Amino acid sequence: MQRIPSWLHKEGKIYRKFTFKTFVQAFSFIAAVALEAEKMNHHPTWKNTYNRVEIWLFTHSKDAVTEKDIALAEKIDQLANAR
């Protein structure tokens, strides 16, 4: 995936794991992603364990990874790089 090289294609979804120094940094990142996802009306599946955040993106209505997923992944990468 040229546009989002840090993301893996796993089980029909795109996936990325982020690691932060603290829980507060991880949670702040989650909050920022949540606001962007809401603006796009496209919501991720995620898991947070202390300083780690795992995100899976998939468009359920299309049963595939779509442009919406790629666009949200790009935005998530921007948010992660800004931290």
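1. The crossing of H1 and H2 is right-handed, the near helix being turned clockwise from the far one by less than a right angle, where anticlockwise would be left-handed. Their axes come within 10 Å and cross at roughly 150°; axes here are lines fitted to C-alpha atoms, for helices over the stretch in contact, with angles running from 0 to 180 degrees between N-to-C directions. Helices and strands are DSSP runs (H or I, at least four residues; E, at least two), numbered from the N terminus.

2. Before going on, the ground rules. This is a predicted model, in which local features need pLDDT of at least 70 and side-chain atom pairs count only at pLDDT 80 or more, while totals for chains, interfaces and linings use all residues. Residues are numbered from 1 along each chain as its sequence is written, and side-chain values use heavy atoms, with hydrogens and water left out.

3. Back to the helix pair. On the H1 side the contact (heavy atoms within 4.5 Å) is made by Phe29, Ala32, Val33, Glu36, Ala37 and Met40. H2 brings Lys68, Ala71, Leu72, Lys75, Ile76, Leu79 and Ala80. By class, that gives 10 nonpolar, no polar and 3 charged residues. For the bookkeeping, Ala, Val, Leu, Ile, Met, Phe, Trp, Tyr, Cys and Pro count as nonpolar, Asp, Glu, Lys and Arg as charged, and the others, Gly among them, as polar.

4. Glu36 is worth a look. This glutamate is in H1 and is buried, at a relative accessible area of 17%. The scale is: buried under 20% relative accessible area, exposed over 50%, partly exposed in between (1.4 Å probe, protein chains only). Leaving out residues up to four places away in sequence, Glu36 touches Lys75 and Leu79.

5. Now the sheet. It is open, has 4 strands in the order S1-S2-S4-S3, and pairs antiparallel; two strands pair if DSSP finds at least two bridges between them. S1 (8–10) and S3 (45–49) are the edge strands, each with a single partner, so one side of each has no neighbour in the sheet. From one strand to the next the twist averages 25°.

6. Both helices sit on this sheet. H1 packs on it by touching S2, S3 and S4, and its direction makes about 165° with that of S3. H2 also packs on the sheet, touching S2 and S4, with its direction at about 10° to that of S2.

7. Strand register, for anyone checking by eye: S2 and S4 pair in the antiparallel sense over 6 bridges. Ile14 has Leu57 as its bridge partner in S4, and Arg16 stands opposite Ile55. S3 and S4, also antiparallel, are joined by 5 bridges, with Asn48 opposite Val53.

8. What does Lys17 touch beyond its neighbours within four places in sequence? Its contacts there are Arg52, Val53 and Glu54. Lys17 lies in S2 and is partly exposed, with a relative accessible area of 44%. Its C-alpha is 9.1 Å from that of Ser6, 11 residues apart in sequence.

9. Two non-glycine residues with positive phi deserve a check. Glu11, in the loop between S1 and S2, has a phi of about 50° and is exposed, at 77% relative accessible area. Tyr50 has a phi near 45° and sits in the turn of the S3–S4 hairpin, which has 2 residues between the strands. Tyr50 touches Lys21, Thr22, Phe23 and Ala26, not counting residues up to four places away in sequence. From Tyr50 to Ala64 it is 14 residues in sequence and 30 Å in space, C-alpha to C-alpha.

10. Last, the core. The largest nonpolar core (buried Ala, Val, Leu, Ile, Met, Phe, Trp, Tyr and Cys residues joined through side-chain atoms within 4.5 Å) has 20 residues. Those with the most contacts inside it are Trp7, Phe18, Phe29, Val53, Ile55, Leu57 and Ile76. Two or more residues each come from S2 (13–19), H1 (23–40), S4 (52–57) and H2 (67–81). Phe18 touches Trp7, Phe29, Asn51, Arg52, Val53, Ile55, Ile76, Asp77 and Ala80, again without residues up to four places away in sequence.
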